[in-house]
Amino acid sequence: MTTQIQQAGATLDGSRATVAGRVSVIVPSYNYGSLLEGCVESILSQEGAEVRVLVIDDCSPDDTPAVAAALAERDARVQYVRNEQNLGLIGTANRGLQWADGEFVVLLSADDVLAPGALGRAIAVMDEHPGVGMVYGPAPYWHAGLERPAMTGRWQRTDVWSGRDWMALRCRTGHNCISSPEVVVRNSVQQAVGGYDARCVHGSDLNMWLRIAAVADIAYIRGIPQAFYRIHEDSMYRRDRSPMLDLTERRKSFDTFFDRYGTQVDDAAGLQATAARALARQALWQASRAFDRNLVEGPQAQPVQELIDFALDVCPQTPRLREWRGLQLRRRIGAGRSGWFPLFLATGAAHRVHLHARRLQRLRAGV
């Protein structure tokens, strides 16, 4: 049982009449009482958007109830409910999606904030491009204890991809290029694809973006932040850095998407194979770097054999990849010694340059 949500036009069975121009913002919160006010204020201060906010407290043991109740008392646009039992992020987010009755919907964790003007920019893009179902933009990391990054830059232009082309980019990289708070979704598209998939515990957002891309175009706002993603010890970014967890969850995000929506996507088998190959290459590269850094044994050892097994399982063509050949050569040279081998010194440097270039590309182009 959960606390009943009072709704205007939306019901918990998922049926609703959307309110044109309104943005429904869902704020799941667990133990973020100290950060909640700043998050909600970043929503209420948005210009060019009519907003309603639902704060859903997932049984926080801190002062979240008092903070959230005070926010709701202070501003009629804010509603507060508390789950009667802990539902986790996916269950809490899906409960919020049932409530959302606006033309657009945002899921914003209580430890993140929207950038000024973010909602107005996203609405303008979707008004101009009716086929766009999701808009996102830069979301600079904000490290706890430091000042929030300055709101710099200007709206340079908007890139619009067909959903199929954007999906192909995700499969080619095997990565999720979106943090999450920077996303605004057209609610009719959100209703069409449904809620977050509970099978994808740590990759439910990537799975969701793929599903949206299966039915709508995707737009990226260049040059100006759409949100700020806070990094702290309790954030998912910090908690979920295990290489095997990261790889297996991304694989699950792709596989569950193609299992359910593959018939709606041109050349789904080819795209899935592309994603599998990207994940296999990343696993082999991590195993190779463990050899170069002599991290195959001891307390800091990397899960080399698990990484190799993952690569072989996810991609049957793994033995044909150049990363596989490089790994076999490293094994023959020996852990630690391979890091001084001229060829691997060069490839390691090239890989670092490539990663840096990819990060810059994601920051600039959102892909």
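Is Tyr220 buried or exposed? With a relative accessibility of 1%, Tyr220 is buried (under 20% relative accessible area, against over 50% for exposed and partly exposed in between, using a 1.4 Å probe and protein chains only).

## What kind of model this is

This is a predicted model, so to speak of local features we need a pLDDT of at least 70, and side-chain atom pairs count only at pLDDT 80 or more, while totals for chains, interfaces and linings use all residues. Residues are numbered from 1 along each chain as its sequence is written, and side-chain values use heavy atoms, with hydrogens and water left out.

On confidence, the protein chain has an average pLDDT of 88, and 84% of its residues reach at least 70 (pLDDT is the predictor's confidence in each residue, from 0 to 100). Two stretches stay under 50. Residues 1-15 do so with 38 contacts beyond four places in sequence, a contact being heavy atoms within 4.5 Å. Residues 353-357 are also under 50, and there the model has zero contacts beyond four places in sequence.

## Rings meeting rings

Rings of Phe, Tyr and Trp (its six-membered ring) pair if their centres lie within 6.5 Å; planes under 30 degrees apart are stacked, over 60 edge-to-face, and the rest tilted. That rule gives five aromatic pairs. One of them is Tyr136 with Tyr220, edge-to-face, with 5.0 Å from centre to centre and 65° between the planes. This pair ties together distant parts of the chain: Tyr136 belongs to strand 6 (residues 132-136) and Tyr220 to strand 10 (residues 217-221), 84 residues apart. Helices (H or I, at least four residues) and strands (E, at least two) are DSSP runs, numbered from the N terminus. Tyr136 is buried, at 0% relative accessible area.

Then there's Phe257 with Tyr261: their ring centres are 5.7 Å apart and the planes meet at 15°, so this pair is stacked. Both sit in helix 9 (residues 243-261), four residues apart, which puts about one helical turn between them. Phe257 is buried at 0% relative accessibility, and Tyr261 is buried at 7%.

## A ring cluster and two arginines

Tyr136 and Tyr220 turn up again in a cluster, linked with Trp166 through ring pairs. Trp166 also has company of another sort: the charged end of Arg170 sits over its ring, 5.1 Å from the centre. For this, NZ of Lys or CZ of Arg has to be within 6 Å of the ring centre and within 35 degrees of the ring normal. Arg230 does likewise with Trp142, lying over its face at 3.9 Å from the ring centre.

## Strands side by side

Strands 5, 11 and 7 make an open sheet in the order 5-11-7, with mixed pairing; two strands pair if DSSP finds at least two bridges between them. Strand 5 (113-114) and strand 7 (141-143) are the edges, each with a single partner strand, so each has one side without a neighbour in the sheet. Strand 7 runs parallel to strand 11 (residues 227-231) over three bridges, and His143 faces Ile231 across that pairing.

Strand 8 (residues 158-161) is joined to strand 10 by four bridges, antiparallel, with Val160 opposite Ala219. Side chains alternate along strand 8: Asp159 and Trp161 point to one face and are buried, whereas Thr158 and Val160 point to the other and are not.

## An enclosed helix

Helix 4 (residues 118-128) has eight of its 11 residues buried, so the rest of the structure largely encloses it. Among them are Leu119, Arg121, Ile123 and Met126.
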